[in-house]
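Please load the model in a viewer and keep a selection panel open. The tour proceeds stop by stop, with a selection to make at each.

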Amino acid sequence: MGAWPRAAREAWASAASVQAWARWQVRAAVAAVCSRTWVEMEFDCEGLRRLLGKYTFRDLTVEELKNVNRFFPHFRYSMDTYVFKDSSQKDLLNFTGTIPVMYQGNTYNIPIRLWILDSHPFAPPICFLKPTANMGISVGKHVDAKGRIYLPYLQNWSHPKSVIVGLIKEMIAKFQEELPLYSLSSSDEARQVDLLAYIAKITEGVSDINSKNWVNHEHKTVNKITVVGGGELGIACTLAISAKGIADRLVLLDLSEETKGGVMDLDIFSLPNVEISKDLSASAHSKVVIFTVNSLGSSQSYLDVVQSNVDMFRALVPALGHYSQHGVLLVASQPVEIMTYVTWKLSAFPANRVIGIGCNLDSQRLQYIITNVLKAQTSGKQVWVVGEQGEAKVPIWGGQEEVMSLNSQVQLSTRAMELLRVKGQRSWSVGLSVADLVDSIVNDKKKVHSVSTLAKNNTLEETVWSSPVLLGYGKSGLLPAFFSSSHPM
């Protein structure tokens, strides 16, 4: 049984456990016969098409489900409300049933539930185990404590290459390597009923931060960093972090279908401690996970880009949060304020462990311009850029001592901001800024940076904007930095 808990191994070894699995399979078979719906008895394409009335690619989805029905005719289909981690809700098609898994010479019927998003087949299904009261979830590489399933097939989902039948086949193959469920002894079944009721209420699959099986499976490397995305920004972040020597191990997750030039060159001219992977589990136990992925296209509107990024993050964030449950999530994807908020919602992480790159680059440049270009004497008084990336940002001065008049501050800030606005933000510049933030976090420098964090305005609405905070990796997390109340705004 490998790394299975002792109790689980004993349960599997006992004759009572074998009988329990046999009873479970009989009940599953009887239930499948007795509860067949109209979809199973005769696959009604028109009825299913009406059910999917709000789906963007309804006909493509129906055609794919016809193929699923040919391979797995016992699946039961229904429309139910799914609650995402950001608390949004949607009525989604889902289907339940069992898949046959051969393990150590025996065949087990593993119950699963797949939710089909309304953007299918361009977005992957959301997959869960559906254990009964006499089954326990074996937390591992591909399953979290709430039963959510994580597979490379889901992470690399791309229409038309990726299909549900292929997903289920990979699911069977992975479960044959590590069975995701085990039979509980009769004394444990009562407690399992309560657990299943709890799981039913949290269908979005939040990872259990205290799950010992997976968290302790591999002892954390001292400073492990993961960069998500093999585009220009991802490469720039990888090179900058590598150059600063911050990471003992640096993982670049290349999520594209084909290996592009930058990633290929990194693979050819390998850097010390840098690993390139397409498997999200390679990020496990990272201190910092950096999101650089963007869904950009010349024909896309701003809203289209935001929606595409949100859909992409829905597939990425829960899995990456599962693999690095004690890490910091650093968002460089655009628009950074929105995507930082989305990441916080989807991850269920504390707000002080989800930040965006914010105005850190602008702040560092502004300080440099004031000191080295304008040659202003500020007596060590710091200045930051706060607000949102773009036009909605302003300078703010730190410290309580008034080393210069308010009018002088305004004039100096205005001139410096004029010079700052002509500076572009190239990928390599952002990469250097990201490396600066990562250095402060993993080395617990408690240095002040202007980064995007969650804040509440006067109406207690949740917003994300850039402001000065202390960055470190200690128990204190992110702390607000003190700044002057007489700053120019």
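The stops below go from the whole chain to a sheet, then to salt bridges, and finally to a surface patch.

**The whole chain**

Begin with the entire protein chain, bearing in mind that this is a predicted model. The chain holds 16 helices and 17 strands. Of its 489 residues, 52% count as buried. In a surface representation, the chain exposes about 22600 Å², and carbon and sulfur atoms supply 54% of that area. Among contacts between residues at least 6 apart in sequence, 66% join residues at least 24 apart.

**The four-stranded sheet**

Next, display the open sheet made of four strands in the order 1-2-3-4, with antiparallel pairing. Which strands stand at the edges of this sheet? They are strand 1 (76-83) and strand 4 (126-129); each has a single partner strand, so one side of each is left without a neighbour in the sheet. From one strand to the next, the twist averages 35°.

Now restrict the selection to residues 89-103, which are strand 2, and residues 106-116, which are strand 3. These two strands pair in the antiparallel sense over eleven bridges. To inspect one position, pick Val101 and then Tyr108, its bridge partner in strand 3.

Add residues 164-177 to the view; this is helix 7, which lies across strand 2, strand 3 and strand 4. Helix 7 runs at about 45° to strand 2.

**Salt bridges**

Show charged side chains next. A search of the whole structure finds 13 salt bridges, and the tour visits a few of them.

Stay with the sheet and select Asp80 and Arg113, whose side chains meet in a salt bridge at 3.5 Å, N to O. Asp80 lies in strand 1 and Arg113 in strand 3, so the pair ties together parts that are 33 residues apart in sequence. Asp80 is partly exposed, with a relative accessible area of 28%.

Move on to Lys345 and Glu462, which form a salt bridge with their closest N and O atoms 3.7 Å apart. This pair links distant parts of the chain: Lys345 belongs to helix 13 (residues 336-347) and Glu462 to strand 16 (residues 462-471), 117 residues apart. Is each partner buried or partly exposed? Lys345 has a relative accessible area of 17% and is therefore buried, whereas Glu462, at 33%, is partly exposed.

One network of salt bridges with shared partners is also worth selecting: Glu46, Arg49 and Asp59. Within this group, the side chains of Arg49 and Glu46 meet in a salt bridge of 2.8 Å, N to O. Both residues lie in helix 4 (residues 45-51), three residues apart, about one turn of the helix. Arg49 counts as buried at 17% relative accessibility, while Glu46 is partly exposed with a relative accessible area of 46%.

**A nonpolar surface patch**

For the last stop, return to the surface representation and select Met264, Ile268 and Phe269. These residues form a nonpolar patch on the surface, with about 340 Å² of accessible area together. Where is Phe269 placed? Its place is in the loop between helix 11 (261-268) and strand 9 (274-277). With a relative accessible area of 59%, Phe269 is exposed, because the cut-off for that class is over 50%.

Technical notes:
Residues are numbered from 1 along each chain as its sequence is written. This is a predicted model: local features need pLDDT of at least 70, side-chain atom pairs count only at pLDDT 80 or more; totals for chains, interfaces and linings use all residues. Side-chain values use heavy atoms; hydrogens and water are left out. Patches are made of residues with over 30% relative accessible area and no salt bridge: like charges are joined within 9 Å, nonpolar side chains (Val, Leu, Ile, Met, Phe, Trp, Tyr) within 5 Å. Accessible areas come from the Shrake-Rupley method with a 1.4 Å probe; for residues, only the protein chains shown count as cover. A salt bridge is a side-chain nitrogen of Lys or Arg within 4 Å of a carboxyl oxygen of Asp or Glu. Buried means under 20% relative accessible area, exposed over 50%, partly exposed in between (1.4 Å probe, protein chains only). Contact means heavy atoms within 4.5 Å. Two strands pair if DSSP finds at least two bridges between them. Axes are lines fitted to C-alpha atoms, for helices over the stretch in contact, and angles run from 0 to 180 degrees between N-to-C directions.
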